[in-house]
Structures are given as structure tokens and as C-alpha cells.
Amino acid sequence: MDRLEVSDLEFSIDDKKIIDNINLCVKENKFVGLIGPNGCGKSTLLKNIYRLYKPHKGAIYLNGTNIEKIKNKEIAKNMSVVSQENNHQFDFTVKEIVLMGRYAHKGLLDSNTEKDEEIAFDSLERVGLKDFYDRSFLSLSGGEKQRVLIARALTQNAKTIILDEPTNHLDIKYQLQIMDVIKSLKVTTFAAIHDFNIASNYCDYIYVMEKGKIKYFGTPEKVLTKKIFEEVFGVKSHISKNPFTNKIHISFYSDCYNPV
Ligand SMILES: Nc1ncnc2c1ncn2[C@@H]1O[C@H](COP(=O)(O)OP(=O)(O)OP(=O)(O)O)[C@@H](O)[C@H]1O
């Protein structure tokens, strides 16, 4: 079954169509990437999927049910989100932020149990932040904040995870570590990704978006090509194989490159 399905989706901002008749699906337990140039609509598409925006036309289905018909708590049980919108106004501790991931699994007045704390602590350990439990969230660096938010998503323990540039702010060690952790969850994953080599290493399939539409879809080998980089991103590339992972590796060069 398609765990996540986007059907005939349209969304406009100030009368400008940002999402233009998008259809896509993410099958159960697949890791699917979304790539496209700046401003093509990736975040707007994800915001429709995680219900920050309401589609103007079309619908989104989670396990076959229109997400508009699913209660908030049910959505939280089934879909975790790591978005770019994380402007926490109040100064929570790291522990409080990560434990928010348990909300979906409790009654309104239930307090956190030892088990909840264990899950939260384990998630922090998996993102390399076990010593940060009592730190103030606002005092963290950009990369540390991003890892805390990923730990909160892990704590939520949902079967579908939506990520908007999950490796944003992360140094190379944590880019790989976080992607390894997410991949190891073996849950249905849909992620907007800017780094094509990360996309190549981790995605089963990739959607390529341009100007609000899906232009290409396929395995990394099929869509991470010289032709598509030139056509969609306007850049020249050289495609090789990473000798360690055996996955596609992309090197870019500018038109101005002039070997001496
Ligand atoms: N609240 C808003 N008001 C006006 N325009 C908006 C708003 N949100 C997004 N847009 C516009 O919609 C288009 C798509 O934006 P979106 O953030 O979805 O792109 P993106 O593909 O995620 O870009 P990036 O790769 O730069 O993160 C852009 O032209 C953007 O300026």
C-alpha cells in the first residue's frame, strides 16, 4: 500500500500557484527524496503534507485516509515532522523538547513515565547529544538544535517521517550519522534534500521538482544525471561512483572553470 499519497495537489500564495497539480506516492518503508532548485516549492509541498497548509485543490492520503479527516493526535502517532519552522519562543530544556515527541502516546493529563524518559534519552544518545538533556534549547548551536529536533521525531516513534532538509546546519560527521539513524528506522520517509550526494546515498527513489511541478521520478541512478542537472538546476556535472558505497557520486563545476 502507498503509505503517503499526494493527489492532484494545488496550492497558491497571493494568487501565485506554488504547487501545480502534483501527484506522488511514497510506498511503505521506502526512503524517498525531493530535490529541486531554490523556490521551486519543496517546503510548500511538505507543509501541505504535514497540514501547516490546507490544499486549495486535491488531497493527501496517509494509509489511504485523507489527512483532513484524521484527528491531530492520530496524525501525530502516524507522522513525525522535522521542519524548517522551529522558532521556539520559550526556553524549554532539551529534555522538554524531546519529550514533546511522546505527546501522541499519552492522555491529556498524563505525566511522563520512566519509559517516556528512557525513550527520549535513547533518542538523544542516537543523535550524539546524551549530555545535553538539561541544556536550554535556545542556547544550542544551529546544528545541535537540528539534532534535538530529530531526536524529538525519533521519540515520536511514527511510521512515517517527513523531513525538510534534515542535514541543514550539520557538519559532515552528523550529516552521515543522522541520515544513518533515519535510514535505520526503516519507516516511510519523505525528505527534501539539497545535497545530491546525500540523496544518492540514502534514497530509494527521488522526485525532481521544478516550478511547482514534478518533472522527474526514479531511482538515484535514473534522475541524478548530467542532463537533468543541466536542465533543472542549470549546472554542469560529472557523474562517477563512490568507490566505498558504490552509489552515484556527483561533482559540479562552473561554466567559468578553465583548467590551466
Ligand atoms: N508565505 C509566503 N509568502 C509569499 N511567498 C511565499 C511564501 N512562502 C513561500 N513563498 C514562495 O513560494 C515559492 C516556493 O517556496 P518554498 O519555500 O516552498 O521553496 P523551496 O523549494 O522549499 O525553496 P528552498 O530550496 O529555497 O528552501 C518561493 O518563490 C517563495 O518565495
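This text walks through a predicted model, from its open sheet to the residues around its ligand.

Start with the sheet. It is open and has 6 strands, in the order β6-β7-β8-β3-β9-β10. The pairing is mixed. The edge positions belong to β6 (79-82) and β10 (213-218). Each has a single partner strand, so one side of each lacks a neighbour in the sheet. From one strand to the next, the twist averages 15 degrees.

Now step in from the β6 edge. Strand β7 covers residues 160-164 and pairs with β6 in the parallel sense, over 4 bridges. Val82 stands opposite Leu163 in β7. On the other pairing, β7 runs parallel to β8 (residues 188-192), over 5 bridges. Here Leu163 has Ala191 in β8 as its bridge partner. Helix α6 (residues 172-185) joins β7 and β8 in a right-handed β-α-β unit.

How many residues of β7 are buried? The count is 5 of the 5, so the strand is largely enclosed by the rest of the structure. A residue counts as buried when 20 or more other C-beta atoms lie within 10 Å of its own. Both faces of β7 are covered. Thr160, Ile162 and Asp164 are buried on one side. Ile161 and Leu163 are buried on the other.

Turn last to the ligand. The residues around it are Ile13, Asp14, Ile18, Gly36, Asn38, Gly39, Cys40, Gly41, Lys42, Ser43 and Thr44. Which element gives the largest share of this shell? Helix α1 (residues 42-49) does, with 3 residues. By class, the shell has 6 polar, 3 nonpolar and 2 charged residues.

Methods: Residues are numbered from 1 along each chain as its sequence is written. This is a predicted model: local features need pLDDT of at least 70, side-chain atom pairs count only at pLDDT 80 or more; totals for chains, interfaces and linings use all residues. A residue is near a molecule or strand if its C-beta atom, placed from the backbone, lies within 6 Å of it. Helices (H or I, at least four residues) and strands (E, at least two) are DSSP runs, numbered from the N terminus. Ala, Val, Leu, Ile, Met, Phe, Trp, Tyr, Cys and Pro count as nonpolar, Asp, Glu, Lys and Arg as charged, and the others, Gly among them, as polar. Two strands pair if DSSP finds at least two bridges between them. Axes are lines fitted to C-alpha atoms, for helices over the stretch in contact, and angles run from 0 to 180 degrees between N-to-C directions. A residue is buried if 20 or more other C-beta atoms lie within 10 Å of its own, exposed if 12 or fewer, and partly exposed in between; C-beta atoms are placed from the backbone. A crossover is right-handed if, with the strands pointing away from the viewer, the path from the first strand over the helix to the second runs clockwise.
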